[in-house]
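Me: I keep meeting labels in structure notes and want to know what earns them. Could you go through a few with me?

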Amino acid sequence: MDTITHGITGALIGKAFFDTPRRAGATETAQMGRVAIWAATLGAIAPDGDSVFSLFGKDELAILDIHRGLTHSFVFLPVFALILAAGTLWLARHRNWAAPSFARLWLIYAVGLASHILLDLITSFGTMIWSPISNVRAAWDLIFIIDFTFTAIVLLPQLAAWGY
């Protein structure tokens, strides 16, 4: 799955499940909702950050070995969510933003990361969902890596919410 579709899906998950109800004059809850949506979006695109590591290697095919490895693993998901939640909480405190609790941020990131892993699992490339325990690439081969139909399906609710 392409990173843009992951980001759209993460934002949709954030808005649907983790956004806080807006009340008139309640800027703190609105800010917490925005942080939650951004966290879900970042969680949904963060696993593709492993592509950056291939820039530092001399092997031009390193991306094939590295991509969809540890960052795309259900085994590493709790630790990855913990790191992202801690970083977000630090940034929110540093910038004086109202943010969800650490446990809630961890949950938001875990859901975003899980959505990424599951969406990559339905593509033909395969994902090492049990890395580092196993390097077997699981693939359900239901859609191509870039699928405009699937992107449109997750984009339509976003556009409807924006238009509403």
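Reply: Here is a short round of labels and the values behind them.

Reply: This is a predicted model, where local features need pLDDT of at least 70, side-chain atom pairs count only at pLDDT 80 or more, and totals for chains, interfaces and linings use all residues. Residues are numbered from 1 along each chain as its sequence is written, and side-chain values use heavy atoms, with hydrogens and water left out.

Me: Why is Asn96 called exposed?

Reply: Exposed means over 50% relative accessible area (1.4 Å probe, protein chains only). Asn96 comes out at 68%, so it counts as exposed. Asn96 sits in the loop between helix 4 (77–95) and helix 5; helices here are DSSP runs of H or I, at least four residues, numbered from the N terminus.

Me: And why does Asp141 count as exposed?

Reply: Asp141 has 52% relative accessibility, so that label applies to Asp141 too. Asp141 is in the loop between helix 5 and helix 6.

Me: What makes the phi of Asn96 worth a remark?

Reply: Most residues other than glycine have a negative phi. Asn96 is not a glycine, yet its phi is positive, about 60°. Asp141 also has a positive phi, about 50°, without being a glycine.

Me: Which peptide bond is cis?

Reply: The one from Ser131 to Pro132, with omega near 5°. Pro132 belongs to the loop between helix 5 (102–121) and helix 6 (148–163).

How values were computed: Helix = DSSP H or I, 4+ residues; strand = E, 2+ residues; numbered from the N terminus. Buried < 20%, exposed > 50% of the residue type's maximum accessible area, 1.4 Å probe, protein only.
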